[in-house]
Amino acid sequence: MGGRVASHLVDEAPVGEVDGLVCFGYPFHPAKRPETLRTEHLATLRAPALIVQGERDALGNRQEVDGYVAQGLLSSTINVHWLADGDLAPAGVGAALDRITVPVASGVAVAVAVTGVPVSVAGVA
């Protein structure tokens, strides 16, 4: 399950049913169409969320996502952990897996420590 589908499921879940959300990359917009945002439900997301995103991700880079935050398009429950090494699209992950494993794990560990949300893995896409 991808980050977008998972975020919709968490958004639609009854209050208290989901403790939190971690997305390894989120498609904030379709490829080459940054004007078509996929953020509407993220503005009101209730559950704590961590989005691990590459700074150069083609579906939402740091400059774009910082703009969404400034515009109030992301809930205050969402934290974005940035990977300086670029892109979490499948090809980007495969190419940089050895360089991103520790930063990704560190970002998740910090989010869990800060929120106190227990972590369990339900599935892997």
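**A three-stranded parallel sheet and its helices**

In this predicted model, three strands form an open sheet in the order β1-β2-β3, and their pairing is parallel. The edges of the sheet are β1, residues 21-24, and β3, residues 78-83, each of which pairs on one side only. On average, and ignoring direction, neighbouring strands of the sheet are turned by 15° against each other.

The pairings can be followed strand by strand. β1 is joined to β2, which spans residues 49-54, by four bridges in the parallel sense. One point to locate in this pairing is C23, whose bridge partner in β2 is I51. On to β3, β2 makes six bridges, and these two strands also run parallel. Here L50 has N79 of β3 as its bridge partner. Between β2 and β3 the chain passes through helix α2, residues 62-70, in a β-α-β crossover that is right-handed.

Placed in the whole chain, the sheet accounts for the three strands of the protein, which also has three helices. Along the sequence these elements follow the pattern α-β-β-α-β-α. Read against that pattern, β1 and β2 follow one another with no helix listed between them, whereas the step from β2 to β3 goes by way of α2. The last element in the pattern is a helix, namely α3, which covers residues 90-115.

Some totals describe the chain as a whole. The protein has 125 residues, and 35% of them count as buried. Its exposed area is about 7300 Å², of which carbon and sulfur atoms supply 59%. For contacts between residues at least 6 apart in sequence, 70% join residues that are at least 24 apart.

How far the model can be read depends on the region. What is the mean pLDDT of the protein? The value is 78, and 66% of the residues reach 70 or more. Among the elements, α2 has the highest mean pLDDT, at 96, and α3 the lowest, at 58. The crossover helix between β2 and β3 is thus α2, the element with the highest mean value. Over residues 120-125 the pLDDT is below 50, and beyond near neighbours in sequence this stretch has three contacts in the model. Where pLDDT is low, predicted coordinates should not be read in detail. That caution bears on helix α3, with its mean of 58, and on residues 120-125, with values below 50.

Methods:
Residues numbered from 1 in each chain as written. Predicted model: local features only at pLDDT ≥ 70, side-chain atom pairs only at ≥ 80, totals over all residues. Heavy atoms only, no water. Pairing = 2+ DSSP bridges. Axes fitted to C-alpha atoms, helices over the stretch in contact; angles between N-to-C directions. Buried < 20%, exposed > 50% of the residue type's maximum accessible area, 1.4 Å probe, protein only. Contact = heavy atoms within 4.5 Å. Areas by Shrake-Rupley, 256 points an atom, 1.4 Å probe, with all protein chains shown as cover. Right-handed = clockwise from strand over helix to strand, strands pointing away. pLDDT = per-residue confidence, 0-100.
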